[in-house]
Amino acid sequence: MEVLMIIISLALLVTIAYRGFSVILFAPVCALVAASMANYHLLPGYTELFMGKAVVFVKSFFPVFLLGAVFGKIMEETGMARSIAGIVIKKLGKDKAILSVLAVCVILAYGGVSVYVAVFAIYPFAAAVFKEANIPKKLIPAVLVAGLLTMVMDSAPGTPQLQNIIPTVYLGTTIYAAPILGTICGTATLVLCYLYLNWRRKVAEKTGEGYGNHTLNETIVDPDQPTPPWYLSVLPLITVLGVSFYLSFVFTWDTTLVEPFQKMGLPLTAKSVKNVVSIWSLIIGLLVAIILACVLGRKFMSKSVSMKAALNAGAIGSLLAIMNTASEVGYGSVISSLPGFTEIANSLYGIGAGMPLVNVAIMVNVLAAITGSATGGLGIALEIFSQHWLETTAAAGIPAEVVHRIASMAAGGMDTLPHNGAIITTLAICGLTHKESYKDIFGVTLLKFAMAFVAVFLYMLTGIV
């Protein structure tokens, strides 16, 4: 009965999200529907379990959400994002609209712009290019998902996205874990997504389907608005990667930095500096990049927008992203605490017996699907199972770096169900609905899902790291 209630709760959350309701409001409701069958008292279930786990997530990762959102807004308002998009589209040609948008996504996200924020900066150009090429607008969300939520989110070595940072906290690895394996599989995912989306474009072309008659969130890109030179625009992106790499591998951190705070008995204090170095490195990298972007791009800002307004807008925008994700973490934490989930977990432990990496990929995908969040599902999975995975993989001679990469890639698999916060936000920005665009998002999702298991078997065959 408890397993059935978990399934009903998940189906309810997916349906509510599909219909456009906020997961911030309804995730706790759906979680407590399932918890009620386990005889949990609703109010403590909400305030102590749901909110407790949500707060832990916010404590750990809000700085990255905040600075990533501010950086993205500054890149947008200074025209730097527009400058990068313009040079990419110019070099590739407007006839390669899908490839152009994918390339812009990769450049901005790999350079440190949060994938949650990059959609705001990229969509206007994607819409303009798709309209000129007469490609159905309904494909834009799937192209954004392919460009932002695949390779540069969880596979590319050093990518400064949360899905690549979270495993470092639990596994003691770095964001450059398993670089060759990640690069091969991430590139393969991106290529397959491009082939799929290009095929969908050709199908639409054969049936005479064009951009379509859309009125919601249609944007106009002013070609006369001055932008910084592209070579200045990419400097802040390079800065994020360069500073975080230096602080992760070259700079020597004082290993006693967190000891005074541990002695204070503060809750949620990191176990060691090693567990937070990747986050600290990215925080500093983003701060330096934001300052650089402000200095280089200030004079290119529209007179109708001030630097203060851009900084404030970025900060406020980060709140929706972090609260969406934290709510999904809270939901997943309530579900994972139920006896019914223990039954599910025990049955999944038996899958891939003798192949611990398969178990990692399956368990992370399941929790990402339940929470509708790559970050939420990954964080919960690692909190519950990381020690078990480290023990079983170490016994099999598998480095923790490979566990990091497989877990990160798996998080970006079945997380993109209809209740995923990033999907809901992307559709809203594009002025489209699940009914119009989710079919192609799901097509990309299936490719993402499969690639985590391809990575497992590629490692097992070659031992490549």
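Is Cys-30 buried or exposed? At 0% relative accessibility, Cys-30 counts as buried. The legends below start with the whole fold and then visit this residue and several others, all in a predicted model.

**Figure 1. The whole protein is a bundle of elements with 21 helices and 0 strands.** The radius of gyration is 22 Å, close to the 23 Å that the globule rule gives for 465 residues, so the protein is as compact as a globular protein of that length. Taken along the principal axes, the C-alpha atoms fill a box of roughly 60 × 55 × 50 Å. Of the 465 residues, 55% are buried. Contacts often bring distant parts of the chain together: among those between residues at least 6 apart in sequence, 81% join residues at least 24 apart. On the outside, the protein exposes about 19100 Å², and carbon and sulfur atoms supply 68% of this area. There are 27 positive and 22 negative side chains, with the centres of the two sets 8 Å apart.

**Figure 2. Here we look into the largest nonpolar core, with Phe-71 as our guide.** This core has 149 residues, and the members that touch the most others are Phe-71, Met-75, Phe-130 and Tyr-331. Which residues does Phe-71 touch, not counting those up to four places away in sequence? Its partners are Gly-111, Gly-112, Val-113, Pro-236, Leu-237, Val-240, Leu-286, Ala-289, Ile-290 and Ala-293. Apart from the largest core lies another one, of 5 residues, including Trp-253, Val-258, Val-273 and Val-277.

**Figure 3. Cys-30 sits in helix α2, which spans residues 23–35.** Return now to the residue from the opening question. Cys-30 counts as buried because its relative accessibility is 0%, and the cut-off for buried is under 20%. Leaving aside neighbours within four places in sequence, Cys-30 is in contact with Ser-9, Leu-12, Leu-13, Ile-16 and Tyr-331. You may recognise Tyr-331 from the list of residues that touch the most other members of the largest nonpolar core. For a sense of scale, Cys-30 and Glu-401 are 371 residues apart in sequence and 35 Å apart in space, C-alpha to C-alpha.

**Figure 4. Helix α20, residues 421–430, is largely enclosed by the rest of the structure.** Why is this helix described as largely enclosed? The reason is that 8 of its 10 residues are buried. Those buried residues are Gly-421, Ala-422, Ile-423, Thr-425, Thr-426, Leu-427, Ile-429 and Cys-430. Their cover includes α6 (115–133), α7 (140–148), α15 (307–337) and α21 (434–462). Just after α20 comes Gly-431, with a positive phi of about 70 degrees.

**Figure 5. Two loop residues, Asn-134 and Ala-178, have a positive phi without being glycines.** Most residues other than glycine have a negative phi, which is why such places are worth a look. Asn-134 has a phi of about 60 degrees and is found in the loop between α6 and α7. With 47% relative accessibility, Asn-134 counts as partly exposed. Ala-178 has a phi of about 45 degrees and lies in the loop between α9 (162–171) and α10 (179–206). Unlike a partly exposed residue, Ala-178 is buried, with a relative accessible area of 1%.

**Figure 6. Tyr-123 belongs to helix α6.** Is Tyr-123 buried or exposed? Tyr-123 counts as buried, at 3% relative accessibility. Follow the chain onward to Leu-144, 21 residues apart from Tyr-123 in sequence, and you find the two C-alpha atoms 8.2 Å apart in space.

**Figure 7. Thr-47 in helix α3 and Ala-188 in helix α10 are both described by their accessibility and by one distance.** Helix α3 covers residues 42–77, and within it Thr-47 is partly exposed at 42% relative accessibility. The C-alpha atoms of Thr-47 and Pro-339 are separated by 20 Å, with these positions 292 residues apart along the chain. Ala-188 is also partly exposed, with a relative accessible area of 28%. How far apart are the C-alpha atoms of Ala-188 and Leu-447? They are separated by 9.7 Å, although the two residues are 259 apart along the chain.

Definitions and conventions:
Residues are numbered from 1 along each chain as its sequence is written. This is a predicted model: local features need pLDDT of at least 70, side-chain atom pairs count only at pLDDT 80 or more; totals for chains, interfaces and linings use all residues. Side-chain values use heavy atoms; hydrogens and water are left out. Helices (H or I, at least four residues) and strands (E, at least two) are DSSP runs, numbered from the N terminus. The radius of gyration is taken over C-alpha atoms; the globule rule is 2.2 Å times the number of residues to the power 0.38. Buried means under 20% relative accessible area, exposed over 50%, partly exposed in between (1.4 Å probe, protein chains only). Contact means heavy atoms within 4.5 Å. Accessible areas come from the Shrake-Rupley method with a 1.4 Å probe; for residues, only the protein chains shown count as cover. Lys and Arg count as positive and Asp and Glu as negative; His and the chain ends are not counted. The place of a charge is taken as NZ of Lys, CZ of Arg, CG of Asp or CD of Glu. A nonpolar core is a set of buried Ala, Val, Leu, Ile, Met, Phe, Trp, Tyr and Cys residues joined through side-chain atoms within 4.5 Å.
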